[in-house]
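Work through this model by question and answer. Each answer reasons from the coordinates to a value or a name.

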Amino acid sequence: MAQITWKAIEEKWIRKWEESHLFEADPDPNRKKCFVTFPYPYMNGPLHLGHGFTATRVDVYARFMRMRGYNTLFPWAWHWTGEPIFGASLRIKSGDKDLIRALKEVDGVPDEELEKFVDPIYMASYYTRESREIVKRIGFSVDWRREFHTTSHEPTYSKFIEWQYLTLRDLGYVVRGTHPVVWCPSCKSPTGDHDRLVGEGVFPEEYILIKFIFGDAFLPAATFRPETIFGVTNIFINPDGDYVEALVDGEKWIISKSAATKLSEQLRRVEVLREFKGRELIGKYFKEPINGRELPILPGWFVDPDSATGVVYSVPAHAPADWIALKDLMNKPDLLKEFGIPPEIVENIKPISLISVEGFGEYPAIEVVEQMGVKNQFDPKLEEATSIIYRKEFHTGVLKAICGEYAGKLVKDAKIRIIEDFKRKNIVSSMYDLPQKVVCRCTTRCLVKILSDQWFLKYSDPDWKRLAHEAIDSAKIFPESARSYFHDKIDWLKDWACARKTGLGTPLPWDPEWIIETLSDSTIYMAFYTIAKHIRQHNIRAEQLTREVFDYIFLGKGDLEKASKRSGIEANILEEMRNEFLYWYPVDLRISAKELVPNHLSFFVFQHVALFPRELWPRAIGVNGMLMIEGQKMSKSKGNFLTLKEAINRYGADVTRMTLLLGAEDMDDPDWRDENARSVDARLKSLYTLISQIAGLSGEEEIKSIDKWLLSAIQKRVRAVTEALENLKTRTAAEIALYEVWNDIRWYLRRRISPNPKVLREVASIWIRLLAPFIPFFCEELWSILGNEGFVSVAKWPEYDESKVDIKSEEAEILIKGLLEDTQNILKIACLSPKRIYYYVASPWKWKIYMRLLEESLSKRIDMRGVMRILMSDAELKSMAKVLAPFVNRIIEEINILPLERKQNLLKVGVIDEFHEINEARDFFEREFNASVTVYREDDPNKYDPKGKAQQARPLKPAIYIE
């Protein structure tokens with residue numbers, strides 16, 4: 001490998017692929033098609049290893065299907081929509097030092113380019129140019145004629161999005177309504193998942209506010225568990241927090257300052273009367289609204305004034321955090337005195353049990369804290385303890401007599417009724433908040449706003465949900481375990497704000513002050529791939545792409561001639577576009593990360609079932625894990641980040657691809673480690689040397705059992721790799737193709753002193769084709785070295801050939817490997833350096849019994865009594881009862897533990913001529929042990945057997961004597 005570098009190989013084959021237009025795919029009615037897609041990446045930064053992992057899985061499948069003869073299309077595009085690019089550009093303009101440093105040090109952006117990033121379009125263009133080169137360098141088999149980017153700066157794509165949303169609106173799926181949204185006060189827009197710096201996957205949650213009575217005001221405390229009001233013992237307030245007295249819809253409320261701001265964004269009339277610190281409330285008393293009990297307000301620095309109302313009511317019998325907080329206060333009497341609270345006030349607080357739950361006594365929270373050894377409020381086990389109790393009480397808890405009219409009911413059944421009753425009695429109110437911090441790309445902290453004039457995708461529509469469920473049921477889902485995840489998220493999805501006021505994108509056609517947001521213009525663009533080349537090829541202008549044109553192409557609606565006349569696009573071109581769409585659709589496989597199931601992938605399903613007939617719904621969806629680096633979550637801000645460009649520069653494209661693929665499959669998270677990449681690099685360089693040596697072999701050799709074994713073994717590998725790739729088990733397939741085939745060949749070369757050139761070249765040809773989807777540059781080079789014409793990328797995928805499967809040679813090799821291992825074990829235990837080794841193979845009568853017992857064991861587990869009864873019915877064997885019994889006793893368990901397939905194979909092969917097989921492998925054993933080897937039959941009267949070892953011989957377990 002010293003004479004060649006990965007880079008030289010890559011550049012050579014990229015050039016050849018491009019010159020031959022190898023991956024450009026056009027409709028061919030005589031071939032089956034395969035249309036695969038990868039979510040177009042955001043161009044607010046370079047492609048990173050996470051992109052590389054998912055996209056490499058897509059490319060492996062595309063290459064696999066192409067080699068199987070499918071007309072395969074893998075297109076690519078770029079996502080410019082939304083706040084990510086726009087927000088990053090604004091941060092650069094404002095001189096954000098952290099971002100500028102990251103762009104220089106991590107992304108490698110030169111100063112002269114960085115200056116131009118104040119223009120978001122230039123920033124997107126720069127990253128698109130850079131990323132296009134990386135997609136080519138890593139060897140993705142993309143049809144670049146279909147490339148595009150989103151936003152109004154690609155007006156033909158924007159016309160497509162306009163058509164999509166006009167059609168959805170006509171169908172009743174885009175509606176104007178009043179809904180809570182994640183809102184950026186600075187951008188004055190809803191902030192979708194991909195428009196966030198922090199808090200992806202966080203959604204507004206409705207909190208129930210228990211209105212505790214405090215003089216002429218209310219102290220509204222937020223909860224998800226209003227049924228626990230019957231067990232309240234006190235309220236916690238953060239002494240250092242900022243609180244206000246405010247009129248909320250005419251009622252006087254005492255809440256945190258931030259809560260007042262949040263409520264003012266939720267269609268509430270809020271007038272702040274005064275501001276004060278929380279310590280003003282500590283030590284005072286309030287009344288609970290059910291029975292009017294007077295209870296104390298205690299200090300709680302754990303209370304976050306930015307969470308809901310900043311008021312927390314305490315139920316220590318059923319909330320581990322409340323019990324721990326009270327215990328902490330009991331241990332700090334001096335702290336209580338600071339607020340004028342006698343320590344006995346806290347000491348006399350007794351937990352109130354209100355829920356009976358199986359597996360716990362009166363006070364589940366106290367019990368779980370003690371069981372788990374939770375030490376204080378900062379113990380990470382506290383969150384787990386809380387989760388255990390809440391989950392168990394909600395699903396199986398029964399309300400006790402203290403709960404009055406709700407007693408005897410399951411918590412999960414009573415909860416909604418309690419809320420309705422309490423609202424009617426004005427005991428509770430509600431508000432929305434975010435359970436975790438969310439920060440917009442513009443760096444502003446978000447809150448929940450209730451919008452009354454916002455455009456929403458009506459994902460709550462039960463009929464639309466039903467169709468989405470049907471699409472998931474009818475599609476292949478990889479892995480199968482992700483199917484229930486999709487169903488859960490489809491049920492969970494609520495109406496989605498589909499437009500915002502800032503950022504890049506396509507304006508809503510009927511309300512252009514709104515821009516269609518990031519996750520809403522990226523759902524059916526796969527259809528646009530099918531016609532993008534025609535738009536470019538025929539110079540079709542955006543204004544020509546009317547609703548009539550798209551209706552005809554994608555829905556088959558309207559009159560072709562009228563659409564042609566009104567748009568100015570020739571009828572034959574429109575017909576060609578329609579036919580191309582129908583040829584490629586539906587999408588055969590889309591792969592993305594599991595974090596996109598709740599949004600992007602589910603939206604992809606929803607919108608396909610809304611717009612297209614059932615036969616054009618997605619056929620398969622793959623879901624994979626999220627990439628880590630050196631065991632840690634990938635994070636640019638924490639420096640644990642690796643761009644795809646940097647990985648390729650360090651290790652080369654094929655090493656990067658194979659390291660990623662060997663990382664994980666299904667929904668497991670892959671872990672990129674540099675040591676793994678170095679190991680793969682060394683392995684591929686050794687493989688290059690091996691194939692070069694095989695290419696140089698010539699001559700003819702007699703076919704031996706070991707040759708048949710290798711030809712048989714490679715067929716098993718072909719079947720295993722094929723089945724793995726059909727099920728998107730990319731790691732399994734890569735491991736078998738690289739390591740298990742390698743182990744087969746290593747064993748073969750170890751076994752056969754002069755390898756058979758014809759056999760090795762045949763196996764090498766199959767091996768390179770099995771590896772081609774994973775490491776395409778390397779395999780193109782090796783394919784060429786072996787003297788093959790054309791590209792391995794389009795060579796015929798190896799097909800499993802059962803006629804080449806030789807069970808007899810496979811069983812003979814199991815015999816040889818077993819004998820090698822047994823001999824090694826004896827030498828190790830006895831600490832011998834052998835000069836002479838003697839093997840004794842079992843007598844025919846032992847084989848007769850062995851085969852009979854194999855037959856008996858196919859349908860049941862055999863035992864000594866049953867076996868002896870069967871064998872004693874044979875007159876010949878009956879006369880040998882004394883020697884037969886010990887032998888049978890030894891082989892019963894050996895046979896019972898054999899896998900069924902192995903038993904069937906042995907019966908199919910019949911009695912193995914162990915004498916012949918071991919003799920044929922004698923030179924192998926002599927090389928391995930540097931000793932002479934002699935093979936005898938157990939019943940040979942002239943055998944050399946000074947220690948009487950021969951009688952120990954069993955079928956497939958020759959006896960051994962060593963001198």
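Q: Is Glu 362 buried, partly exposed or exposed?
A: This is a predicted model, and the accessibility is computed from it. The relative accessibility of Glu 362 is 46%. Buried requires under 20% and exposed over 50%. Glu 362 therefore counts as partly exposed.

Q: How far apart are the closest N and O atoms in the salt bridge of Lys 400 with Glu 362?
A: The cut-off for a salt bridge is 4 Å. Lys 400 and Glu 362 form one. Their closest N and O atoms are apart by 2.9 Å.

Q: How many residues apart in sequence are the parts tied together by Lys 400 and Glu 362?
A: Lys 400 lies in the loop between β16 (398-399) and α14 (411-424). Glu 362 lies in the loop between β15 (355-356) and α12 (364-372). The pair therefore ties together parts whose separation in sequence is 38 residues.

Q: Which residue forms a salt bridge with Asp 421, and at what N to O distance?
A: Asp 421 and its partner are both in helix α14. They are three residues apart, or about one helical turn. The closest N and O atoms are 2.7 Å apart, and the partner is Arg 424.

Q: Is Arg 424 buried or exposed?
A: Its partner Asp 421 has 7% relative accessibility and counts as buried. Arg 424 has 63% relative accessibility. Over 50% is the cut-off for exposed. Arg 424 is therefore exposed.

Q: Which residues are joined into one network by salt bridges that share partners?
A: Sharing of partners links the salt bridges here. The acidic members are Glu 24, Asp 26, Asp 143 and Glu 580. The others are Arg 145, Arg 146 and Lys 533.

Q: How many residues apart in sequence are the parts tied together by Glu 130 and Lys 645?
A: The side chains of Glu 130 and Lys 645 meet in a salt bridge, N to O 3.2 Å. Glu 130 lies in helix α6 (residues 120-137) and Lys 645 in helix α22 (residues 644-651), so the bridge ties together parts with a separation of 515 residues.

Q: Are Glu 130 and Lys 645 buried, partly exposed or exposed?
A: Glu 130 has a relative accessible area of 30%. Lys 645 stands at 36%. The partly exposed class runs between 20% and 50%. Both residues therefore count as partly exposed.

Q: How many salt bridges does the structure hold?
A: The rule pairs a side-chain nitrogen of Lys or Arg with a carboxyl oxygen of Asp or Glu within 4 Å. By this rule the count is 78.

Q: How many residues apart are Trp 17 and Phe 777?
A: The structure holds 69 aromatic pairs. Trp 17 and Phe 777 form one that is stacked, with centres 4.9 Å apart and 25 degrees between the planes. Trp 17 is in helix α1 (residues 6-19) and Phe 777 in helix α28 (residues 776-785), a separation of 760 residues.

Q: Is the pair of Tyr 651 and Trp 672 stacked, tilted or edge-to-face?
A: The ring centres are 6.0 Å apart. The planes stand at 55 degrees. Stacked needs under 30 degrees and edge-to-face over 60. The pair is therefore tilted.

Q: Which strands pair with β9, and in what sense?
A: Five of the seven residues of β9 (residues 242-248) are buried, so the strand is largely enclosed by the rest of the structure. Seven bridges join β9 to β11 (residues 270-277), antiparallel. Six bridges join β9 to β10 (residues 251-256), again in a sense that is antiparallel.

Q: Which residue in the turn between β9 and β10 has a positive phi?
A: β9 and β10 form a hairpin with two residues between them. Val 248 stands opposite Glu 251 in β10. The positive phi, about 50 degrees, belongs to Asp 249.

Q: Where is the kink in helix α33 centred?
A: The 16 residues of α33 (residues 881-896) should span 22 Å, and the end C-alpha atoms are 22 Å apart, which agrees. Even so, α33 has a kink of about 25 degrees. Its centre is a residue among the buried ones of the helix: Val 888.

Methods. Residues numbered from 1 in each chain as written. Predicted model: local features only at pLDDT ≥ 70, side-chain atom pairs only at ≥ 80, totals over all residues. Heavy atoms only, no water. Buried < 20%, exposed > 50% of the residue type's maximum accessible area, 1.4 Å probe, protein only. Helix = DSSP H or I, 4+ residues; strand = E, 2+ residues; numbered from the N terminus. Pairing = 2+ DSSP bridges. Phe/Tyr/Trp six-rings, centres within 6.5 Å; stacked < 30°, edge-to-face > 60°. Expected span 1.5 Å × (residues − 1). Bend = angle between axes of the 7 residues up to and from the residue.
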